[in-house]
Amino acid sequence: MSDNAIRISDLTVRYGRMIAVDHAALDVARGSVYALVGRNGAGKSSLVRCLLGQQRPQNGSATLFGEDAWSRRTSLMQRVGVVSEDADAPPEMSVAAIARFCSRLYDKWDQDSVEARLRTFGVPLTSRFGSLSKGQKKQVSLAMALAISPELLVLDDPTLGLDVVARKSLFEEVIGDLADRGTTIFITTHDLAGVETFADRVGMMEHGRIVLDEDVDALKSRFRRIRFAAQPVAIDTAALRPTVMRSWGGGAEAIVSNYDDVSFERMRSASNIGAAEVQAMSLEEIFIAIAGGNNS
Amino acid sequence: MKNALVIAAREFEEKRFVAYAAVAFAILPFLLAVIPGISGKSPQDTIVLSALIFGTTFAVAVAVISGASFIGRDLSDGRMSFYFSRPAGSLSIWFGKLTAGILMIVGTFGFIIVPARLATGEHWTRMISSSSTWSVIYLLTIAIALFLIAHVISTFARSRSPLIVFDFAAAVICGVAIRLLVLPLVAGGAIVLLKWLAISLGIAAVVAIVGGGAWQLERGRTDRRRNHLALSQFLWTTMAAALLIAAGYVGWVVSIKPADLTGHIQASSATSGPLAVIAGNAKGRADYRGAFLLDAADGSMWRVDPWAAWSARYSRDGRSVVIPHRSGNVVDMRVYTRGKSEPVDTGLTIAGGEYIVSDDGGRIASISNSGILSIYEVATKRSLVSVRLPDPMFVRALFITPDVVRLYVNVQGGMKIMELDVRSHALRETGSIASPKFVHFCLDATGARMLVRRSREDLLTLNDARTGAVIRTLATAGQLKDADYLRDGRIAVVDGSASAMVLHILAADGTPQHDISLGAKQTASIVGDDGTRVVVSDTDAASGRRMLEAVNIGSSVIEHREPIRDSVLSGTFQLRPPIEPLHEVLYIGDEGRVLAWSPATGATRMITGG
């Protein structure tokens, strides 16, 4: 039995000459929450499609629970709940019909949980799927995905179209609860603030490449914003690996990606720069710093 | 299997409004039947007809609309992940949706047709005929074919992939390839083979589309362009394989040689020279008919149309033959000449009627069904003259010289004799023969005299061939069987009873010379002569066996006998004796093979089936 719920190795997806995913590799341990972030067009959805066995990569592999996602998709989907980026059920179907259809395909199905969740979300069973709002469609998809008590939940940009309350509910009540129960969660999102509290590991894609794949705690511990009271004349910040260095107020601001207290104190004493404020950064700030740094 | 049914059930549920609409259309024929202005005298007629029209239209519409949407729309709308993110295999998704689509077509058709069928009872069978069951099956087959084709076009078009240019090219190539396969089979009159080719390619197309659908979802899954690519690969590869196999078989079928001909032989041969047309079927080639113009002397051959055995007109000198060739809806005349590898396409086209060729093959006369007589010159490919015959009935004609065509026109109460002079364009009546019965006749080599006898009469007269005037009544012993001119101008007559058939040799003026007993024969006819021997085709009275007999007219001895199964048409359209002596007689032997028999030596050689 594999320790990883997900393993992506050397995965490459091309559309004609365009490379959507470029030799991507990542592992997601069982029971962990993995957040994959990236700007639009970074290749997240292509990677998710490979992960769900919906698309065959030109190179490399995607495995779920140690089995190839492409060739073993049908049986693997018994263990995987999916909330797609675009709500995909036929618009003519009622929510009840979707639940009935899904219940016949899965070996285990908890109809009560579906009805309870939809009640909580305020989505009537009799509604036509096509008549629901984008957020409600996501909620219906989520209710279906959770009805099988999945070992792995794949959420492709689940907050798209959700209002603030629904988003908070999704993250705190649903995903948080599942994470606590040991369900592996793979989520692609732009909402870094939402996943920051429960994501164990974060990956970042840019131009099809995975430019970051790290535990959230480690990532957050090594990124710092340092604000200097005065413009330093000559400081050596190389050891801290600055990603951004710019003027700020009357002084300067540096964002470093390899912060540690010892190195920082050594730098400060060597440069004699006086007052400096060191601030922890949110995932969102780190994402912007990395994305900005890579773009510059 | 279970998942396929689940998906099929879902499709039904989604499209249940189609069933409601079908029920509404099922009621409509009964409503029309009670509307006075529409129903006419028989309300049941109205029910039957309107149910058929509505049922057909509805089934076809459902087929096209469902086919265009059941996969293609889900792909283009990005909804295929609804299935693929669940534990449903590609095959389950495809066959579930396919089953639902086909059952929808059949079901809605049934909804509309069955109530009308039950309500009209025997009236239905009287009106639609006993083949109505097959009509319904054909109709549903067409609807399902449209459903599958609509799926393919929809997948291709909705993918918005430039690959559609390749698909278009592949479809055109397939169409051209099918046409190339069909044309030689049509030319060979192979109706059964064409039917089997159509069924085989139809099955291949169904396999290609149904298998391609499964393959596209297995390989392409939620990606519309990859679906297109996978379907395209499977479809065209399967069709290419099927067409290659079909081409291989058709190629083998049309590569038939005269030696392969073994069944249903039809043949005709020139009275002069070795040209003959032989057509027949061969083992393993179903009803395909290979037809060849053979030069039995040097073995050279040309492929000709399968009906050429009847339509070939041999020149009297035995060097040329005119054979019509069908190309599409046009039948053009080709002249084949011994020693020339390619025929001359005269540019002359015909649409029914009769045609003859001059003694040297240089001119052709055609008589259309509407009674237009036209003379063409082969060398210059131009029409020399055209005239309308006054009484376009049954006409027998011959070139007396290249510039004079004589016509024997059957009219009420006898036969008119006319001549067309090509140089003066004048058509003149030169004589007539009064007869209440059909007149059989043949001319001497010069065309000056003719032997005339009325149908089923024993009276034989020698007449002037130009005026029809009787010169002399020829003596026969009764029960006249056949009479013909020999090449040297003498006359041969066969008559007598079944127990004693006699061959009479008469001088050119009709004076009896000597009689030769042929023995007990049921029938007998004169085939030709080589100057020494007269060849008679007869049926032995005792055994019932058909024979060719070479009768030496000098010694009155039957020199050689050859048992035959059937004779080969020879001289049927030739009114005068041949120029060249008869060297060989073609016949069909017991094995269905064509053989050549020499009356001089009695030797035989195999022409086909060897």
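This is a short dialogue on how terms are applied to a predicted model.

Guide: The model is predicted: local features need pLDDT of at least 70, side-chain atom pairs count only at pLDDT 80 or more, and totals for chains, interfaces and linings use all residues. Residues are numbered from 1 along each chain as its sequence is written, while chains are lettered from A and ligands numbered from 1 in the order in which they are written.

Visitor: What makes a residue of chain A count as buried?
Guide: Its C-beta atom, placed from the backbone, must have 20 or more other C-beta atoms within 10 Å. In chain A, 44% of the 296 residues are buried.

Visitor: Which residues make the contact between the chains?
Guide: Two residues are in contact if their C-beta atoms, placed from the backbone, lie within 7 Å. Chain A gives 22 residues and chain B gives 18 residues. On the side of chain A that touches chain B, α2 (73-76) and α3 (95-105) each supply at least two residues. The largest share, 5 residues, comes from α3(A).

Visitor: Why are these called helices?
Guide: Because they are DSSP runs of H or I, at least four residues long, numbered from the N terminus; strands are runs of E, at least two. Chain A has 10 helices and 14 strands.

Visitor: What is the extent of chain A?
Guide: Its C-alpha trace spans about 70 × 40 × 35 Å along its principal axes.

Visitor: Where do the domain bounds of chain B come from?
Guide: From an automatic or database domain assignment. Chain B is divided into domain 1 (2-254) and domain 2 (477-610). Their C-alpha centres lie 63 Å apart.

Methods. A residue is buried if 20 or more other C-beta atoms lie within 10 Å of its own, exposed if 12 or fewer, and partly exposed in between; C-beta atoms are placed from the backbone.
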